[in-house]
Amino acid sequence: MTEDLNDQIQILSDLETISHQAASLFVKAARNAIDRKMRFVAAISGGSTPTRLYTLLGSAEYSSPVDWQRVHFFWVDERCVPKDHEESNFKTAFDTLLSKITIPGENIHRIRGEEDPDKAAIDYEENVRKFFGISGLPMFDLVILGMGEDGHIASLFPGSKSLEEKGRLVVPVYLEKPKINRITLTLPVLNHAAQIFFLVSGRSKATVLFEILGDGHKKDQYPAGLIRPAQGRLLWLIDQEASGKLKRQGKCC
Ligand code: 6PG
């Protein structure tokens, strides 16, 4: 195992090890960014994989070296539910991390899942633009992504029209199964990040991961395979179970 961010793929034993590695790299990235430009801006995912990471970041070991006054949290996506709903990505991050640290309320830039999805997407895009003071693409210091068993990332699903979005930073997405509206950052925004951590754990992700990282031929069929930061760095943190089908299994590249 190495802590060098120039590595693209790290295969670690299990979710616990991935989470510690991600937490320690998060702290390092936050401290570097704060030293350089007085702030650190992260866009985080929902789902189950990063919850241990969030819990670790909220623990004394990882939270004390970070000046949380200078850290800003955005979300890569949100489910259209109230903020105290079990499915809310905001709630997950709040319960595991945000409620455990001292961070100004104005540093928490949540997506308003309780509102009409079209309006919530427009408002969130406006907030992102205002925060970064840009008309083009914002550059998050760090984007944390998980990957679904179908290769989706954020709320960008295989075959979805939203994958083609070039102009908007944020779009609403309607899912048939399960029937739910979601709101998501678009691919150009994700690919414009300074760093991306991809956290992938569990046997159920092994086939898709192999198709994306194994030989690359089917890469483009999956939203996760379309993550190619234009100028930033991409780090895959994968556990043994998820790496089961990878040719490079056992290698820490
Ligand atoms: C969400 C996510 C989503 C997630 C994947 C993986 O809101 O659900 O942002 O893209 O990262 O579905 O989820 P798991 O970590 O639960 O496998």
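This tour moves from the whole chain to one sheet and the helix packed on it.

The model is predicted: local features need pLDDT of at least 70, side-chain atom pairs count only at pLDDT 80 or more, and totals for chains, interfaces and linings use all residues. Residues are numbered from 1 along each chain as its sequence is written, and side-chain values use heavy atoms, with hydrogens and water left out.

**Whole chain.** Select the protein chain, which holds seven helices and 10 strands; helices (H or I, at least four residues) and strands (E, at least two) are DSSP runs, numbered from the N terminus. Its C-alpha atoms fill a box of roughly 45 × 40 × 35 Å along the principal axes. Of its 253 residues, 56% are buried, that is, under 20% relative accessible area with a 1.4 Å probe, protein chains only.

**The sheet.** Next, select strand 4 (77-79) and strand 7 (170-175), the edge strands, each of which pairs on one side only. Add strand 8 (residues 180-185) to complete an open, antiparallel sheet in the order 4-8-7. Strands pair if DSSP finds at least two bridges between them; strand 4 and strand 8 have three. Neighbouring strands are turned by 20 degrees against each other on average, direction ignored. Within this sheet, centre on Asp 77, which stands opposite Thr 184 in strand 8.

**The helix.** Finally, show helix 5 (residues 117-132), which packs on the sheet and touches strand 7 and strand 8; contact means heavy atoms within 4.5 Å. The direction of helix 5 makes about 155 degrees with that of strand 7. Axes are lines fitted to C-alpha atoms, for helices over the stretch in contact, and angles run from 0 to 180 degrees between N-to-C directions.

Key
Buried < 20%, exposed > 50% of the residue type's maximum accessible area, 1.4 Å probe, protein only.
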